[in-house]
Amino acid sequence: MSMLRSGLFQKLFARFLMLVAATLFCLVAFVHLYQGRHLRGAWRAGVQEEAMWVAQTSTIDAAPDSPANAAFASRWREAHASTRLIVRDSSNAVLIDTQPSRTPRARATAATARSADGRLTFELTRNVPPPFPMEATGAMSAAALALIALAAALLYPWTQSLARTFSALGQSTRLVAAGKFGAPLSVEGGPELEELIRSFNTMADRLRAEDLHRKALIANVSHELRSPMGRIRALTETIARHPNEAQALTAKMESEIALLDRLVGDMLEVARHDAGVLQLSTARRSVASWAAETVESLRLRTEQAGVALASQINISPAALADIDSQRLLQSVANIVENAIVATAGAANARIDVTIGEAAGGWRIVVADNGKGIPAEKLPLVFERFYRVEPDRSRATGGIGLGLSITKSIVEAHGGAISIESAVGQGSTVAITLPLAAERA
């Protein structure tokens with residue numbers, strides 16, 4: 001039996017039964033007390049009435065050791081075995097004692113009355129009976145035990161169900177801690193327990209997704225790093241065999257090293273974001289000035305790729321924003337790189353960059369007339385290492401970190417990024433950023 005079943009829930013079960021037993025005991029004790037007081041009062045009143053009646057109707061000889069008194073005492077004992085009668089005269093001398101050897105009891109009830117002429121005192125003593133006869137006490141005890149048994153029968157399945165649920169929860173927790181994710185736990189057992197199980201299932205699902213993502217990340221990183229390193233190794237072997245071709249091959253090697261450096265840089269960017277240490281060197285700048293510089297920088301790249309770039313800057317020169325100029329340029333450049341790849345081969349390839357004011361801030365929009373992205377793939381484009389076209393190589397489209405890094409940089413600026421696309425019509429990526437608050 002597990003620790004939970006042998007500890008917590010068995011204690012809960014035992015303590016609940018103890019509570020039921022204590023409640024029944026208190027109830028019986030209260031009934032006994034109430035009934036006892038009621039009976040004692042009624043018994044005392046009855047004894048008092050009997051004493052008064054005896055005092056008024058009995059004829060007692062005032063002489064000590066009177067035979068008449070002895071005969072009266074004998075008749076009394078025969079008729080009233082449970083009641084003691086003591087008759088005293090005015091000097092308090094005992095004339096009659098029907099039970100002289102009887103020891104007074106704590107539960108006895110006594111009553112006194114005087115004769116009609118006031119010379120004699122009649123004292124009656126009678127033991128008070130218990131509130132309940134033995135039969136009634138036995139019946140009440142049996143009923144109490146039956147109620148305790150019924151409570152146990154009703155409570156035991158519930159505690160066992162809780163024990164099984166928490167045992168399964170504990171086992172699943174141990175499996176999750178070991179990196180093993182089984183089927184979700186069934187949600188049952190009351191609102192609080194159901195909420196706990198739902199939270200656990202959500203946590204397990206999230207950890208499962210993160211574990212799969214981690215494994216995919218390791219696999220992708222290994223693959224992406226292996227390719228340029230393999231080509232570098234091949235180039236070095238070629239140079240070793242053909243030293244006279246070293247100069248021509250060295251340029252290719254430098255290109256592969258640059259690619260490897262960019263790969264490592266991208267991965268470091270992702271790692272910094274995951275660790276929460278993505279640092280921005282922000283400064284307050286004119287948005288219009290930054291936009292003009294950015295468009296000119298992007299134009300050089302699009303002209304090199306043979307893609308037409310149209311730009312439109314519609315923002316007041318007075319609009320200011322706290323930005324890391326280089327990081328934000330990197331974000332927009334990543335989007336433009338994707339747009340260049342998407343429009344590759346098109347006769348009228350075109351990219352439009354619009355920078356203007358938006359509600360509560362300013363907005364950067366990059367639109368292209370390229371291939372577009374299927375609707376079912378749009379939610380995945382910001383995932384790391386995700387490629388819309390899986391067979392695309394690093395040379396023709398990267399390893400799928402560009403938009404992920406862009407999203408991290410934009411969010412670090414307090415902004416948001418979104419994308420819309422239609423197959424055959426192109427894609428539009430929008431970045432919304434806050435303007436700087438006016439300084440007092």
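Tutor: Buried means under 20% relative accessible area, exposed over 50%, and partly exposed in between (1.4 Å probe, protein chains only). This is a predicted model, in which local features need pLDDT of at least 70 and side-chain atom pairs count only at pLDDT 80 or more, while totals for chains, interfaces and linings use all residues. Residues are numbered from 1 along each chain as its sequence is written, and side-chain values use heavy atoms, with hydrogens and water left out.

Student: Why is Glu 411 called partly exposed?

Tutor: Its relative accessible area is 38%, which lies between 20% and 50%, so Glu 411 is partly exposed.

Student: What makes Glu 411 and Lys 407 a salt bridge?

Tutor: A salt bridge requires a side-chain nitrogen of Lys or Arg within 4 Å of a carboxyl oxygen of Asp or Glu. The closest N and O atoms of this pair are 2.6 Å apart, so the rule is met. Glu 411 and Lys 407 are 4 residues apart in helix H10 (residues 402-412), and therefore about one helical turn separates them. Helices (H or I, at least four residues) and strands (E, at least two) are DSSP runs, numbered from the N terminus.

Student: Why is Arg 84 described as buried?

Tutor: Arg 84 has a relative accessible area of 12%; this is under 20%, so the residue is buried.

Student: How do you know that Arg 84 and Asp 97 meet in a salt bridge?

Tutor: Their N to O distance is 2.8 Å, which is within 4 Å, so the pair qualifies. The pair links distant parts of the chain, with Arg 84 in strand S1 (residues 83-88) and Asp 97 in strand S2 (residues 94-97), 13 residues apart.
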